[in-house]
Amino acid sequence: MIEAMAHPLPDKPSIAVLPFANMSDDPQQAYFADGMTEDLITGLAKISGLFVISRNSILTYKDKPVKIRTVAEELGVRYVLEGSVRRFGDELRITGQLIDATTGGHLWAESYDGTVENVFAFQDQVRARIIDSLSVVLTPPEKQALADSGTVSVEAYDSFLKGMALLPQAQFFFVDPLIEAKGHFETAIDLDPAYWRAMAALAWCEYLNAVYSNDASFGAYENAFAIARKSIELKESPLAYVVLAKEHFRPRSTWSGAGGMGSGYRDATELLERAVALEPGNADVVAELAYVLVYAGDIARAAALMADAKRLNPTHPIWYRQPLGMVNYFRGDYEAAIVEFRVWRDAEAYFSDGGLWLAAAQAMSGKTIAAKKTLEPFRQRDPNYTTLGLSGYWNFADSRMWAAFEKGLIAAGFPPPPE
């Protein structure tokens, strides 16, 4: 079986936590089962001695009949956890079983019965059984991190889960789910003002709202950064650090905030390093750090981190394609860059960035006809536009990086700056 795996097994115990099935009579309770799954993944991702597949890749198996062996082979893990949640009023039943996919044997299988008030204890028990079964040794900081669920209020936790379930539904120019999620996070904070997880999630929600609303003013982001700082005053969290990193670094000069050039790279990198240290198995946080390092000019480390992020999250989101493509572009692997940029461009066709990078990579690989075709929509929109208009738009630490990108654009047919 190991030979059939899509990826080599890591040198540490590897696990995929399948989406917990909602066995409640009410299908609207699915958010609770999803939240249980995400919390287990988040908790396990804090443990340096474990390799944990990210939630994004796990969701591809939701509500689908799956074979444990197939899941393990596709994700490249040895162990798979599956379970279910049944909630009826205040009554709660959680079942779980941990399977060694290489043998098909069960390491353990148990059910936990009680009330919703026991939900945190149930989560602790499931997590402890996984850790014990896989003989993982926790460091003192990891023990401390796992002991803090963020709140003792079940009502606040319930509101938090409702908000988290809405975040994936938001997209550019469709912010209604974010507005609804914001209400749930605010309710959670009203119920427990020290609920740092809800506060970090609210900061992220506010940041996404500013981005998805296409508001280019720095002022639209200030509230998100203020909430993130307040969250960290209560407790360090990767999500809050990710938000604060956005304050110090913007890849494009869309507002004149604190970041972009100079110390912005250092500050953002430091914050994201802290985030990765808190959750070394959080693929998105790893990719965020790599993204900043691309612009900072540390291509070698960015490439290594993106490889780690892809391994943790095989079914990664579209935004990974940008740093992956840029890493390949600046390393001179234009064919690999084209693959990444094409997916990025096709997914976000109404933005120019993906198409510009694709055209540049095509031109640098010698595909000039394809490059000119890719660039044609931009030339039609404004035939008088030159690379001079873009030169101050990309916040690269090293001017040679912009020069390398500009070279590709000019080769694709983008007019150079006037003499």
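Trainee: What makes the meeting of the side chains of Glu270 and Arg274 a salt bridge?

Mentor: This is a predicted model, and in it the side chains of Glu270 and Arg274 come together with N and O 2.7 Å apart. A salt bridge calls for a side-chain nitrogen of Lys or Arg within 4 Å of a carboxyl oxygen of Asp or Glu, so the pair of Glu270 and Arg274, at 2.7 Å, earns the name. Both residues belong to helix α11 (residues 263-278), where they stand four residues apart, about one turn of the helix.

Trainee: Why is Glu270 called partly exposed, and what makes Arg274 count as partly exposed?

Mentor: Buried means under 20% relative accessible area and exposed means over 50%, with partly exposed in between. Glu270 has 42%, so the label partly exposed fits, and Arg274, at 36%, falls in between as well and therefore counts as partly exposed.

Trainee: How do you know that Arg400 forms a salt bridge with Asp398, and which label does each of these residues take, buried, partly exposed or exposed?

Mentor: The closest N and O atoms of Arg400 and Asp398 are 2.7 Å apart, and because the cut-off is 4 Å, the pair qualifies. Arg400 has a relative accessibility of 63%, which is over 50%, so Arg400 is exposed, whereas Asp398, with 23%, is not under 20% and is therefore partly exposed.

Trainee: Which parts of the chain does the salt bridge between Arg93 and Asp113 tie together, and how do you know that?

Mentor: The side chains of Arg93 and Asp113 meet in a salt bridge of 2.5 Å, N to O. Arg93 sits in strand β5 (residues 91-100) and Asp113 in strand β6 (residues 105-115), so their pairing ties together parts that lie 20 residues apart in sequence. Arg93 is partly exposed at 38%, and Asp113 is partly exposed at 46%. The structure holds 22 salt bridges, and some of these links form a network that joins Arg87, Asp158 and Lys162.

Trainee: What makes you say that helix α8 and helix α10 meet, and which residues take part?

Mentor: Contact means heavy atoms within 4.5 Å, and by that test Ala200, Ala201, Ala203, Trp204 and Tyr207 in α8 meet Leu239, Ala240, Val242, Val243 and Lys246 in α10. The residues of this contact divide into nine nonpolar, no polar and one charged. The axes of α8 (residues 196-212) and α10 (residues 238-248) come within 8 Å and cross at roughly 35 degrees, and the crossing is left-handed.

Trainee: Why is Gly183 called partly exposed?

Mentor: Gly183, which is found in helix α7 (residues 176-191), has a relative accessible area of 28%, and because this is neither under 20% nor over 50%, the term partly exposed applies. Gly183 and Ser159 are 24 residues apart in sequence and 8.8 Å apart in space, C-alpha to C-alpha.

Trainee: How do you know that the protein chain is as compact as a globular protein of that length?

Mentor: The protein chain contains 18 helices and six strands. Its radius of gyration is 23 Å, close to the 22 Å that the globule rule gives for 419 residues, so the chain is as compact as a globular protein of that length. Buried residues make up 52% of the 419 residues. Among contacts between residues at least 6 apart in sequence, 63% join residues at least 24 apart.

Methods: Residues are numbered from 1 along each chain as its sequence is written. This is a predicted model: local features need pLDDT of at least 70, side-chain atom pairs count only at pLDDT 80 or more; totals for chains, interfaces and linings use all residues. Side-chain values use heavy atoms; hydrogens and water are left out. Helices (H or I, at least four residues) and strands (E, at least two) are DSSP runs, numbered from the N terminus. Buried means under 20% relative accessible area, exposed over 50%, partly exposed in between (1.4 Å probe, protein chains only). Axes are lines fitted to C-alpha atoms, for helices over the stretch in contact, and angles run from 0 to 180 degrees between N-to-C directions. A crossing is left-handed if the near helix is turned anticlockwise from the far one by less than a right angle, and right-handed if clockwise. Ala, Val, Leu, Ile, Met, Phe, Trp, Tyr, Cys and Pro count as nonpolar, Asp, Glu, Lys and Arg as charged, and the others, Gly among them, as polar. The radius of gyration is taken over C-alpha atoms; the globule rule is 2.2 Å times the number of residues to the power 0.38.
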